[in-house]
Amino acid sequence: MKDKENEGRGRRKLEHLRLFQGDNSGGNGLEDVHLIHQALPELDWSDIDLSCRWLGKTLAAPFIINALTGGPPETTAINAALARVARKTGIALAVGSQKGAVENKEWRASFTVVRQENPDGLILANIGAGNPPAIAAKAVDMIAADGLQVHLNAAQELVMPEGDRSFRGWLDNIRDLVATLEVPVIAKEVGFGLSREAARQLYHAGVRILDVGGRGGTDFAAIENRRRERQITALTGWGLPTAISILEIKYLGPLVEIVATGGIRHALDAAGALALGARIVGAAGYFLKILLEQGEDNLTREIFNWQEDLKRICLLTGCRTPADLAISPVVITGQTRAWLEGIQYHRV
Ligand SMILES: Cc1cc2nc3c(=O)[nH]c(=O)nc-3n(C[C@H](O)[C@H](O)[C@H](O)COP(=O)(O)O)c2cc1C
């Protein structure tokens, strides 16, 4: 049974890599976030410092290469390359779901390679929300992870032909994970966003870091639809765009750290997300597409470009650090503004 399950999981992992097409699920909402140009920044280039501390380590910039892959041996080279890119650019890295590797020794090399290539880097383990602490702890140990991402992917499972249909008990399980594990737990959506209701549930379960995984980039409904005969079009465009998801959960204030991901494609997107209150910004699909189509050196160069461009944006908004962006003025327009007004209308 376990062997059969893993065989199916392996096939699915490789299909995701093949069918993933660098989707753009229709706007991450960050085009509605306008930073204000300051003609008198009173700063030098050398004043701008992108470095930050996160989970006990220092990053060169507040960026993460988000969870992508691992498992079948074909994925080892991808994870090795991602780990080298993260090391060279000084940013964080999350691996793909490790469930299969906890159960199957032969798959472990595709994950342990990230520690060989990036021994001192900030690396996050990854597991589905239904997995008990014993499995999660093995995933963390496997790569000496600095934190554990717990993915929430109900929408993906529902489009996946062989996907789960049972989503009860995730919250209790997450509470157990937070209480048991020695590393911080990060709850993470995979492209449909976190609402304020979900954020509140997660906060009460003890989670203090939320990766919004918003709509606007990789679209798992589309990817899974490519694996089906009958297309589930009802979920096309489902979910909360990244900008809206950040604002939805920001009401928890400084109680939670926000990781902004979902359709982030350049430093201006990243700066907009930081200005809305995110602490770390990342991408999965965008980075994977560059790696697969243009190679490791070009991905490294692209991330260095993001860092330089973020410095430019910080300087021109009068911000010494990315954290200063969160207290600099922004104007919010369009659908994102309408959503904010809609929330108030319903709550008052
Ligand atoms: C090919 C592929 C595989 C992925 N596998 C995982 C996974 O195993 N675990 C997970 O938490 N997220 C996984 N993701 C989701 C990403 O981490 C991310 O949440 C999502 O793609 C949205 O970000 P993006 O728009 O920058 O791609 C995967 C994404 C892609 C493109």
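The exercises below, each with a worked solution, concern a predicted model.

**Exercise 1. Ligand shell**

Task: State which residues come nearest to the ligand, how the shell divides by residue class, and which elements each supply at least two residues of the shell.

Solution:

Step 1. There are 22 residues around the ligand, and Ala67, Lys188, Thr218, Gly263 and Gly285 come nearest.

Step 2. Sorted by class, the shell holds eight nonpolar, 11 polar and three charged residues.

Step 3. Helix 1 (2-19), strand 8 (185-189) and helix 12 (285-294) each contribute at least two residues to the shell.

**Exercise 2. Polar atoms at the ligand**

Task: For alanine 67, asparagine 126 and histidine 151, find the distance to an oxygen atom of the ligand and say whether the protein atom belongs to the backbone or the side chain. Then find how much of the ligand's accessible area the protein covers.

Solution:

Step 1. In alanine 67 the atom is a backbone N or O, and the distance to a ligand oxygen is 2.7 Å.

Step 2. Asparagine 126 uses an N or O atom of its side chain, 2.8 Å from an oxygen atom of the ligand.

Step 3. Histidine 151 places a polar side-chain atom 3.5 Å from a ligand oxygen.

Step 4. On its own the ligand has 610 Å² of accessible area, and the protein covers 96% of this.

**Exercise 3. Strand 8 and its partners**

Task: Decide whether strand 8 is enclosed or open, and identify the strands that pair with strand 8 and the residues opposite lysine 188.

Solution:

Step 1. Five of the five residues of strand 8 are buried, so strand 8 is largely enclosed by the rest of the structure.

Step 2. Val185, Ala187 and Glu189 point one way from the strand, while Ile186 and Lys188 point the other way. Residues on both sides are buried.

Step 3. Strand 7 (residues 147-152) runs parallel to strand 8 and is joined to it by five bridges. Here histidine 151 stands opposite lysine 188.

Step 4. Strand 9 (residues 209-211) also pairs with strand 8 in the parallel sense, over three bridges. The bridge partner of lysine 188 in strand 9 is aspartate 211.

Step 5. Combine this with the ligand results. Lys188 is among the residues that come nearest to the ligand, and histidine 151, opposite lysine 188, has a polar side-chain atom 3.5 Å from a ligand oxygen.

**Exercise 4. From strand 9 to strand 11**

Task: Follow the pairing from strand 9 through strand 10 to strand 11 and name a residue pair at each step.

Solution:

Step 1. Strand 9 and strand 10 are parallel and pair over three bridges. Aspartate 211 stands opposite valine 259 of strand 10.

Step 2. Strand 10 is joined in turn to strand 11 (residues 280-283) by three bridges, again in parallel. Threonine 261 faces glycine 282 of strand 11.

Step 3. Because four of the five residues of strand 10 (residues 257-261) are buried, this strand is largely enclosed by the rest of the structure.

**Exercise 5. Cysteines**

Task: Count the disulfides, then check cysteine 52 and cysteine 314 in turn.

Solution:

Step 1. A disulfide requires two cysteine sulfur atoms within 2.5 Å. By this rule there are zero disulfides.

Step 2. For cysteine 52 the nearest cysteine sulfur is that of cysteine 314, 11 Å away. Cysteine 52 is buried, with a relative accessible area of 14%.

Step 3. For cysteine 314 the nearest cysteine sulfur is that of cysteine 319, 5.6 Å away, and cysteine 314 is in no disulfide. Cysteine 314 is buried too, at 0% relative accessibility.

**Exercise 6. Positive phi**

Task: Glutamate 42 and leucine 55 have positive phi values without being glycine. Locate each residue and classify its exposure.

Solution:

Step 1. Glutamate 42 has a phi of about 55°. This residue sits in the loop between strand 1 (33-35) and strand 2 (52-54).

Step 2. Exposed means over 50% relative accessible area, and glutamate 42, at 71%, counts as exposed.

Step 3. Leucine 55 has a phi near 50° and lies in the loop between strand 2 and strand 3 (57-59). At 22% relative accessibility, leucine 55 is partly exposed.

Notes:
Residues are numbered from 1 along each chain as its sequence is written. This is a predicted model: local features need pLDDT of at least 70, side-chain atom pairs count only at pLDDT 80 or more; totals for chains, interfaces and linings use all residues. Side-chain values use heavy atoms; hydrogens and water are left out. Buried means under 20% relative accessible area, exposed over 50%, partly exposed in between (1.4 Å probe, protein chains only). A residue is near a molecule or strand if one of its heavy atoms lies within 4 Å of it. A polar contact is a pair of N or O atoms within 3.5 Å; within protein, one must be able to donate a hydrogen and the other to accept it, and residues adjacent in sequence count only if both atoms are side-chain atoms. Accessible areas come from the Shrake-Rupley method with a 1.4 Å probe; for residues, only the protein chains shown count as cover. Ala, Val, Leu, Ile, Met, Phe, Trp, Tyr, Cys and Pro count as nonpolar, Asp, Glu, Lys and Arg as charged, and the others, Gly among them, as polar. Two strands pair if DSSP finds at least two bridges between them.
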